[in-house]
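Colleague: I am new to this structure. Please show me how to read it, step by step.

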2 protein chains.
Amino acid sequence: MKKVKVTITMSLDGFVAGPNQSTAEPLGLGGMELHQWLFPLKAFREGHGEEGGEVNASTAIAEEILGNDGAIVMGRNMFGGGPGPWGEEAWKGYWGDDPPYDHPVFVLTHHPREPLELQGGTTFHFVNDGIESALEQASAAAGEHDVSIGGGASVVQQYLAAGLLDEIVVSLVPVLLGAGARLFDNLGEPGPRLRQVEAIEAPGLTHIRYARA
Amino acid sequence: MKKVKVTITMSLDGFVAGPNQSTAEPLGLGGMELHQWLFPLKAFREGHGEEGGEVNASTAIAEEILGNDGAIVMGRNMFGGGPGPWGEEAWKGYWGDDPPYDHPVFVLTHHPREPLELQGGTTFHFVNDGIESALEQASAAAGEHDVSIGGGASVVQQYLAAGLLDEIVVSLVPVLLGAGARLFDNLGEPGPRLRQVEAIEAPGLTHIRYARA
């Protein structure tokens with residue numbers, strides 16, 4: 001059964017990015033600290049053409065983050081390049097000519113733009129008619145594979161509040177950022193209901209899988 | 001080695017009580033939902049003179065909450081009775097004549113008051129010279145046992161920010177309260193550093209133990 005899912009790392013105080021996000025520091029002040037658990041893993045290093053690395057209880061989650069979806073939806077801010085119309089020499093994303101997605105990516109934006117085909121199977125499609133349309137297009141592109149909602153926080157919130165998420169995996173790290181982009185916020189009243197599916201104790205953090213209740 | 005610790009239940013969006021806390025609803029709107037995991041447990045029911053109940057992965061944490069400390073520090077708001085001087089017919093706490101603590105309780109308050117001795121070994125001491133004094137008194141009273149910091153959120157924050165907590169166990173429930181008393185907030189800059197000690201997957205929630213890094 002294919003799913004619409006989010007796999008995201010959150011600080012113990014609830015943030016998925018630090019304050020003052022910018023093109024130079026897309027995860028905000030201190031935000032990179034959230035993802036330190038991922039980089040030493042063999043699963044991560046292999047995906048980036050490097051050898052060696054650790055195999056531990058986080059490996060299955062890293063493989064889920066890196067691998068088994070067929071399309072992803074992300075916000076304009078996660079794609080980057082600042083707000084407003086795209087302009088002549090349009091921003092091509094944070095990931096260079098060969099992004100790590102290797103499948104279609106649907107970018108939510110208010111500003112129309114032609115698809116951007118890069119290497120390795122990553123084509124960015126720009127969707128300006130709403131989150132449901134983006135999800136439909138991503139689902140069609142993903143075929144039998146899962147669809148990921150990549151972020152940022154406000155995009156996850158919109159899908160969660162609309163009841164369109166089947167599953168959310170929170171990788172909870174013992175970091176206190178103090179400020180930034182809060183994940184579980186702006187969810188309306190009454191908020192969505194979740195149930196815990198599993199918890200995985202890993203070195204230095206815990207991964208918890210929730211499903212729509 | 002005796003410890004200073006907090007054992008507290010938190011919603012997935014970071015709250016330990018809902019909005020609009022009052023004497024009638026001390027945990028605020030929706031706050032009781034946080035603690036539903038505790039009530040069906042044999043360990044909890046026994047502590048309240050009832051028979052039967054469940055034994056599961058939460059039992060060890062419930063026993064920790066209910067049992068192995070020698071003294072507790074709590075805020076005036078957790079003790080209850082509203083702000084300001086104590087008055088003639090002073091509030092005796094939320095717990096009746098035989099509170100479940102069975103050991104000394106140190107209540108942080110700006111307003112002096114004589115100790116209040118109730119049944120079962122619970123004596124409330126009112127401390128108006130600060131959190132460090134309260135902790136020293138509680139530690140002396142606890143002897144070789146642990147000292148618990150009971151709450152509410154702002155009291156935990158003060159001890160955490162001051163570096164006085166050895167351990168904090170967060171019982172993370174998949175509830176979204178949307179508003180209320182946030183646990184990890186007001187912690188200063190840079191915030192305290194924690195490391196994960198263990199995570200326990202239990203039915204419907206996850207308990208995570210953190211220690212001072």
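Modeller: Start with how the copies are compared. Copies are superposed by least squares on the C-alpha atoms of residues with pLDDT of at least 70 in both. Keep in mind that this is a predicted model.

Colleague: What turn and what shift lay chain A on chain B?

Modeller: The general idea comes first. Two copies of a chain are related by a rotation about an axis and a shift along it. Here the turn is 180° and the shift along the axis is 0.0 Å. The RMSD of chain A laid on chain B is 0.0 Å. That is the relation of a two-fold axis.

Colleague: Which residue of chain A comes closest to the rotation axis?

Modeller: G14(A) does, with its C-alpha at 3.3 Å. The same surface serves both copies: of the contact residues of chain A, 100% recur in chain B.

Colleague: How many residues does each chain give to the contact?

Modeller: Chain A gives 25 residues, and chain B gives 25 residues.

Colleague: And how do I read the size of the interface?

Modeller: The size of an interface is often given as the accessible area lost when the parts come together. In this model, chain A and chain B bury about 2,100 Å² between them. Carbon and sulfur atoms account for 55% of it. Three residues, L12(A), L176(A) and Q196(A), supply 27% of the area that chain A buries against chain B. That is more than any other three residues supply.

Colleague: How many salt bridges cross the interface of chain A and chain B?

Modeller: The rule finds 2. E33(B) forms a salt bridge with R193(A). Their closest N and O atoms are 2.9 Å apart. Polar contacts are counted separately. Between chain A and chain B, 10 residue pairs are in polar contact, both residues being at pLDDT 80 or more.

Colleague: Which elements give two or more residues to the side of chain A that touches chain B?

Modeller: They are β10 (194-202) and β11 (205-212) of chain A. β10(A) gives the largest share, 8 residues. By class, this side of chain A has 15 nonpolar, 3 polar and 7 charged residues.

Colleague: One last residue. Is K5(A) buried or exposed?

Modeller: The cut-off for buried is under 20% relative accessible area. K5(A) has 1%, so K5(A) is buried. K5(A) lies in strand β1 (residues 4-11) of chain A. Not counting residues up to four places away in sequence, K5(A) touches several residues, among them E64(A), D146(A) and E167(A).

Technical notes:
Residues are numbered from 1 along each chain as its sequence is written. Chains are lettered from A and ligands numbered from 1 in the order in which they are written. This is a predicted model: local features need pLDDT of at least 70, side-chain atom pairs count only at pLDDT 80 or more; totals for chains, interfaces and linings use all residues. Side-chain values use heavy atoms; hydrogens and water are left out. Contact means heavy atoms within 4.5 Å. Buried area is the accessible area (1.4 Å probe) that two parts lose on being put together, summed over both. A salt bridge is a side-chain nitrogen of Lys or Arg within 4 Å of a carboxyl oxygen of Asp or Glu. A polar contact is a pair of N or O atoms within 3.5 Å; within protein, one must be able to donate a hydrogen and the other to accept it, and residues adjacent in sequence count only if both atoms are side-chain atoms. Helices (H or I, at least four residues) and strands (E, at least two) are DSSP runs, numbered from the N terminus. Ala, Val, Leu, Ile, Met, Phe, Trp, Tyr, Cys and Pro count as nonpolar, Asp, Glu, Lys and Arg as charged, and the others, Gly among them, as polar. Buried means under 20% relative accessible area, exposed over 50%, partly exposed in between (1.4 Å probe, protein chains only).
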